[in-house]
Amino acid sequence: VLREVVSRIPYLSGEPLTENASPDRRRVATWICHAPERVGGIHYAAAEGGTLALFAGRPILRTNGAFDGRGALDPRLYLRPREAWEDRLDGRFVVVRCDEGPRITITTDPIGAYPVFASEANGIHWVGNNAGAVALATGATEFDELALASVLTVGWSFGGQPLWRSVHRLAPNTTHTFKHDALRGVV
């Protein structure tokens, strides 16, 4: 699915698709991002032991009243327990953490400036920052009439809801937890 979406996005052409899965493959994270040399040396993923951390967007870390724009760009920060960074993050971002154990957590930014979408089909939950990719993965075809009407009327969807009825935008300023038995795919 991700290869299909990427084939339509010229600026990601040639970038490798990366995957990290639990040993039983019941939890799989797949992502694509620009090579570090194209984005100032930034890496968007880090893994240690059985934990994977990914981020997207532009997080900023608040520390003792100061704002740190570089520290939040190191994905190893998100390998630490969530309590060490979650309440100190600001900016436009999403952080995905896949633990060796039974869960994936997705932390969304305070105002929802970096949208994240989820849907379920055939017992598989799909989560991603591209509503079209999530819709493609789940085979979503039915449109949300209100979202479609607002796009046709003013050019965007009020509330940021995607066009597909079965694809939902995750709430901002929240950590969403998907249990191992419930999540089998991440786009």
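## Val 154 and its surface patch

Val 154 has a relative accessibility of 34% in this predicted model, so it counts as partly exposed, falling in the band between the under-20% cut-off for buried and the over-50% cut-off for exposed. The residue sits in helix α3, which covers residues 145–154.

Val 154 also has some nonpolar company at the surface: together with Trp 156 and Phe 158 it makes a patch of about 340 Å².

## Helix α2, wrapped up

Now for a helix with a rather different setting. How many of the 8 residues of α2 are buried? The count is 6, so this helix, residues 131–138, is largely enclosed by the rest of the structure. The buried ones are Ala 131, Ala 133, Val 134, Ala 135, Ala 137 and Thr 138. What do they pack against? Their partners are helix α1 (2–6) and the strands β8 (117–121) and β9 (124–128).

Both ends of α2 have something to look at. At the N-terminal end, Asn 130 acts as the cap, with a side-chain oxygen 2.9 Å from the backbone nitrogen of Gly 132. Just past the other end, Gly 139 adopts a positive phi of about 75°.

## Ser 119 and Trp 126

Strand β8, one of the elements α2 packs against, holds Ser 119. Is Ser 119 buried or exposed? Its relative accessibility is 6%, so it counts as buried. Its side chain has a polar partner, though: it reaches the backbone oxygen of Ser 166 at 2.7 Å. Leaving aside residues up to four places away in sequence, Ser 119 touches Ile 124, His 125, Trp 126, Val 134, Thr 138, Ser 166 and Val 167. Two of these contacts, Val 134 and Thr 138, are among the buried residues of α2.

Trp 126, another of those contacts, belongs to strand β9. At 18% relative accessibility it comes in under the 20% cut-off, so it counts as buried. Trp 126 and Ala 29 are 97 residues apart along the chain, yet their C-alpha atoms are separated by 9.9 Å.

## The nonpolar cores

In soluble globular proteins, nonpolar side chains tend to be buried together. Here, the largest nonpolar core has 16 residues, and Val 94, Val 96, Ile 106 and Val 127 have the most contacts inside it. Strands β2 (28–32), β4 (51–63), β6 (89–98) and β7 (103–108) are the elements that each give two or more residues to this core.

Apart from that core there is another, of 15 residues, including Tyr 44, Phe 55, Leu 77 and Leu 89.

Conventions:
Residues numbered from 1 in each chain as written. Predicted model: local features only at pLDDT ≥ 70, side-chain atom pairs only at ≥ 80, totals over all residues. Heavy atoms only, no water. Buried < 20%, exposed > 50% of the residue type's maximum accessible area, 1.4 Å probe, protein only. Helix = DSSP H or I, 4+ residues; strand = E, 2+ residues; numbered from the N terminus. Contact = heavy atoms within 4.5 Å. Polar contact = N/O pair within 3.5 Å; in protein donor to acceptor, adjacent residues only side chain to side chain. Core = buried A, V, L, I, M, F, W, Y, C linked by side-chain atoms within 4.5 Å. Patch = residues over 30% accessible without salt bridge, like charges linked within 9 Å, V, L, I, M, F, W, Y side chains within 5 Å. Areas by Shrake-Rupley, 256 points an atom, 1.4 Å probe, with all protein chains shown as cover. Salt bridge = Lys/Arg side-chain N within 4 Å of Asp/Glu carboxyl O.
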